[in-house]
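User: I'd like to learn how to read a structure like this one, feature by feature. Could you walk me through it?

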Amino acid sequence: MTDAVHNQLARVVRENASQLAASLIHVTGDFATAEDLVQDAVLAALRHWPADGIPERPDSWLFTVARRRGLDVLRREHNYVTKLAQLQCPVQQEPDERLRLIFTCCHPALPRQAQIALTLRVVCGLTTPQIARAFLVHETTMAQRITRAKQKIKEAEIPYRIPDDDELGPRLTEVLAVIYLLFNEGYLSTAERAQARDLVDDAEWLASLLHELMPSEPEVAGLLALIRLHRARAAARFDRNGHLVLLQDQDRSLWDREAIDKAGQVLARAAKQQRPGPYQLQAAIVACHADARCWQDTDWEQIVLLYDMLLHLAPSPVTHLHRAIALRYRSGPQAAMSELDTLASELDRYHLYHATRADLWRGLGRPDEALAADRRALELTANPAEQAVLQQRISGTYREEPCD
Amino acid sequence: MKYVLLFVETEQFTSDMAAMSPSERERAYDRVNEWFANHADKLRSGSKLKPPETATTVRLDRGEPVITDGPFVEGKEVVSGYVEIEVADLDEALQAAKTWPGCPVVEVRPIAFEPV
């Protein structure tokens, strides 16, 4: 299968699977059964479509398979059969149906890994083997994880609904966390894990679906902008040999200006509501980088300020580390190093902490300490792309791009 | 749907309670009573248990019943009571658990079936 066919297939399945799942749950009232029927239909599509071509009406194709299978499986359960028989294609539904689906998959009573797997399967229409490959987990392990989650939904009666206003905030945070994790999983993956890279598409699609369904939630817009801003720089992130290129050394002419502008507009509209949140702030930081003509033109003053706001809303040692990196360019390596010293106990096992120290030691003219810190960082990361950069730095072969 | 809320006390909670002045303790009890009043329409039954030192465990999987002193798991977190509630779904049960003003941990478990 060529990449183009693969991507098209993934897109068509994504656009249709969750619609179908939502309608089936609506008529049968049974999350687990409906979900199984959709999965069967998706598997059939992935078997037939690559050879036969994607049908003109993929929605009715999937619908027909799911309904036929449903009538088959549920023959004994008269109630379902009657309901399924009433189901018409194209499926009619309110926009809320898919929101219900998303909130149920990301219910806080389910473990995070299961929320992720269920969302991919139910909302994005991924198959269990695809999810297992993306997360480098054995297929049976992933299948068990999904089965257990569906059983818990059924046995503990996790409701299929959109949370009430008073719990919407924390529940939405949960959904956004799932999408953001998916994005990171794909974004940080490398050639060795090509399967995981598709997760970036899924994450962006989920964020844009959620934005469409909840247009007045600024944090949803913030996450969508954040994902799109990162993606707009994708072409510059790896060099011709597949090596990771750090932000400061990226060829900025490869960035997708149009995508950056559009994401900036999404973010600006969200900011008008004056309800800042961690995703909007992170997107604003990425936007600051995206707006700079070259690394030296970066508005560090503004970035440090945004990190201060971010730390205020969502304190975390990793955010603190990123603030220290920005501080280096505003106030010099010594100021940044003093900040880092306060994080030693929390981040000693985090590779970026040591990689950052290495950079600062170099800035302070202390190559021996820099080398030791790079070596420590190398010990702590399992990401091949990051390992490569660190190895190049240790051997003195990493090339920095000058600003023109 | 019926659920049991299992109330779990921690060592910290027990020592905090012990350190309270009589009036503080009275206020704490008032908050718990208020919770019971607010949830009266959902509550079916429940009990506060005596401390774990009073527990005796009987094991029936060793041939003869084996009787030992103490709760079945020795730990820093111990079940101290329970209530049974009847609500529409897990979200409603969680809502009740989230507002519980007593001990710091609540396990929410659906009831499978009850003895006839």
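Analyst: Happy to; we will go through helix packing, the core, some loops, and then the second chain. Keep in mind that this is a predicted model.

User: Let's start with helices. How do α1 and α5 of chain A cross?

Analyst: The general idea comes first. Two packed helices are described by the angle between their axes and the distance between the axes. Here, helix α1 (residues 3-28) of chain A and helix α5 (residues 96-105) of chain A have axes that come within 9 Å and cross at roughly 90 degrees. An angle from 65 to 115 degrees counts as roughly perpendicular, so α1(A) and α5(A) are roughly perpendicular to each other.

User: Which residues of α1(A) and α5(A) meet there?

Analyst: From α1(A) come Ser18(A), Ala21(A), Ala22(A) and His26(A), and they meet Glu97(A), Arg98(A) and Leu101(A) of α5(A). By type, the residues of this contact divide into three nonpolar, two polar and two charged.

User: And is α5(A) mostly covered or mostly open?

Analyst: Mostly covered: seven of its 10 residues are buried. The buried set is Glu97(A), Arg98(A), Leu101(A), Ile102(A), Phe103(A), Thr104(A) and Cys105(A). Glu97(A), Arg98(A) and Leu101(A) are thus in the buried set and also meet α1(A).

User: Now the core. How many residues does the largest nonpolar core have, and which have the most contacts inside it?

Analyst: That core has 111 residues, and those with the most contacts inside it are Ala21(A), Val38(A), Ile179(A) and Leu229(A). You have already met Ala21(A) in the contact of α1(A) with α5(A). The largest share of the core, nine residues, comes from α11(A).

User: What does helix α11 of chain A look like?

Analyst: Helix α11 covers residues 218-232 of chain A, 15 residues in total. From its first C-alpha to its last it reaches 21 Å, close to the 21 Å expected at 1.5 Å a residue. As for burial, α11(A) is mostly covered, with 15 of its 15 residues buried.

User: Which residues does Val38(A) contact, leaving aside its neighbours within four places in sequence?

Analyst: Val38(A) is in contact with Ala17(A), Leu20(A), Ala21(A), Leu24(A) and Ala66(A).

User: Let's turn to loops. Which sign does phi have in most residues other than glycine?

Analyst: Most residues other than glycine have a negative phi, and most peptide bonds are trans. Two residues here are worth a look. Phi of Leu136(A) is near 50 degrees, a positive value, and phi of Gln274(A) is near 55 degrees, also positive. Leu136(A) sits in the loop between α7 (128-134) and α8 (139-155) of chain A, while Gln274(A) sits in the loop between α13 (257-271) and α14 (278-291).

User: Why do Leu136(A) and Gln274(A) count as exposed?

Analyst: The cut-off for exposed is 12 or fewer other C-beta atoms within 10 Å. Leu136(A) is exposed because it has 11 of them, and Gln274(A) because it has 7.

User: What about Cys89(A): where does it lie, and what does it touch?

Analyst: Cys89(A) is in the loop between α4 (78-86) and α5 of chain A. With 16 other C-beta atoms within 10 Å, Cys89(A) is partly exposed. Beyond its neighbours within four places in sequence, Cys89(A) is in contact with Asp59(A), Ser60(A) and Phe63(A). Cys89(A) and Thr64(A), 25 residues apart in sequence, are 8.3 Å apart in space, C-alpha to C-alpha.

User: And Ala314(A): in which loop is it?

Analyst: Ala314(A) is in the loop between α15 (300-313) and α16 (317-331) of chain A. Ala314(A) counts as partly exposed, with 13 C-beta neighbours inside 10 Å. Not counting residues up to four places away in sequence, Ala314(A) touches Pro278(A) and Thr319(A).

User: Finally, chain B. How many helices and strands are there in chain B?

Analyst: Chain B has three helices and six strands, and from the N terminus on they run β-α-α-β-β-β-β-α-β. Of the 116 residues in chain B, 11% are buried.

User: How many residues does each chain bring to the contact between chain A and chain B?

Analyst: Chain B gives five residues and chain A gives six residues. On the chain B side, the residues divide into three nonpolar, no polar and two charged.

How values were computed: Residues are numbered from 1 along each chain as its sequence is written. Chains are lettered from A and ligands numbered from 1 in the order in which they are written. This is a predicted model: local features need pLDDT of at least 70, side-chain atom pairs count only at pLDDT 80 or more; totals for chains, interfaces and linings use all residues. Two residues are in contact if their C-beta atoms, placed from the backbone, lie within 7 Å. Ala, Val, Leu, Ile, Met, Phe, Trp, Tyr, Cys and Pro count as nonpolar, Asp, Glu, Lys and Arg as charged, and the others, Gly among them, as polar. Axes are lines fitted to C-alpha atoms, for helices over the stretch in contact, and angles run from 0 to 180 degrees between N-to-C directions. Helices (H or I, at least four residues) and strands (E, at least two) are DSSP runs, numbered from the N terminus. Angles under 35 degrees count as roughly parallel, over 145 as roughly antiparallel, 65 to 115 as roughly perpendicular and the rest as oblique. The expected span of a helix is 1.5 Å times one less than its number of residues. A residue is buried if 20 or more other C-beta atoms lie within 10 Å of its own, exposed if 12 or fewer, and partly exposed in between; C-beta atoms are placed from the backbone. A nonpolar core is a set of buried Ala, Val, Leu, Ile, Met, Phe, Trp, Tyr and Cys residues joined through C-beta atoms within 7 Å.
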